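Colleague: I am new to this structure. Please take one part and look at it closely for me. Then show me how the rest is laid out.

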Amino acid sequence: MTTHYIDIHLLPDPEFSHAHLLGALVAKLHRALVHLRMDAVGVSYPQHVVTPTQQRSLGSVVRLHGSSEVLEQLMALGWLQGMRDHTQASALASAPAGAPHRQVARRQFKTNAERLRRRRMQRKGETAAQAAAHIPDSVERRPNLPYVQLRSSSTAQPFCLFIDHGPLQAQAVSGSFNTYGLSNSATIPWF
């Protein structure tokens, strides 16, 4: 259960952009959750902004949700090493009783028709014209969700991790979280 939380605040730094620091923090958290094989830590971004689109942001606070035991185990790993000058972690605290809940999930979009065509050509041995006939430009979507820029540890390719904070719900839904602390089913307390 996500009964407790720890807030990780990004501190302003003239040498690094906010986006760079957030990407580094989320990447470190991801590696720690993979290392611990942990699926009981949820993540939310309580300062996220979705509209207006030009100002969309995940904010400067990453909130970790979980049981006190799980969060203590995560923090004991020392995963914030190298980020201590750029972050400030709050003490472990109990989530407010009666807080509403929400899902915080990853959303993936087909954002580049040309890339999709190249992949189809490789997979199916098609020509560029055949792939273009199957994948029109209209498949592209322009997401309006805030995101963090990361780099794949397996391919070293950059990608955007789009984060969707779902609607508020009165009841908690239990379940597991992925190695980014996100879930398509489980909820976290929202406060």
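Modeller: Start with Arg 118. Arg 118 sits in helix α3, which covers residues 113-124. Keep in mind that this is a predicted model. Is Arg 118 buried or exposed? Neither term fits: its relative accessibility is 45%, and exposed requires over 50% while buried requires under 20%, so Arg 118 counts as partly exposed.

Arg 118 also belongs to a positive surface patch. Its partners there are Arg 115, Arg 119, Arg 123 and Lys 124.

Now step back from the patch. The protein has four helices and 10 strands. Along the sequence their order is β-α-β-β-α-β-β-β-β-α-α-β-β-β. The C-alpha trace spans about 60 × 40 × 35 Å along its principal axes.

Then go inside. Of the 191 residues in the protein, 41% are buried. In soluble globular proteins, nonpolar side chains tend to be buried together. Here the largest nonpolar core holds 36 residues. Which of them touch the most other members? They are Leu 64, Leu 74, Trp 79 and Leu 161. Several elements give two or more residues to this core. Two helices are among them: α1 (18-36) and α2 (68-76). The strands are β1 (4-10), β3 (61-66), β8 (147-151) and β9 (158-165). Helix α1 supplies the largest share of the core, with eight residues.

Terms used: Residues are numbered from 1 along each chain as its sequence is written. This is a predicted model: local features need pLDDT of at least 70, side-chain atom pairs count only at pLDDT 80 or more; totals for chains, interfaces and linings use all residues. Side-chain values use heavy atoms; hydrogens and water are left out. Patches are made of residues with over 30% relative accessible area and no salt bridge: like charges are joined within 9 Å, nonpolar side chains (Val, Leu, Ile, Met, Phe, Trp, Tyr) within 5 Å. Accessible areas come from the Shrake-Rupley method with a 1.4 Å probe; for residues, only the protein chains shown count as cover. A salt bridge is a side-chain nitrogen of Lys or Arg within 4 Å of a carboxyl oxygen of Asp or Glu. Lys and Arg count as positive and Asp and Glu as negative; His and the chain ends are not counted. The place of a charge is taken as NZ of Lys, CZ of Arg, CG of Asp or CD of Glu. Buried means under 20% relative accessible area, exposed over 50%, partly exposed in between (1.4 Å probe, protein chains only). A nonpolar core is a set of buried Ala, Val, Leu, Ile, Met, Phe, Trp, Tyr and Cys residues joined through side-chain atoms within 4.5 Å.
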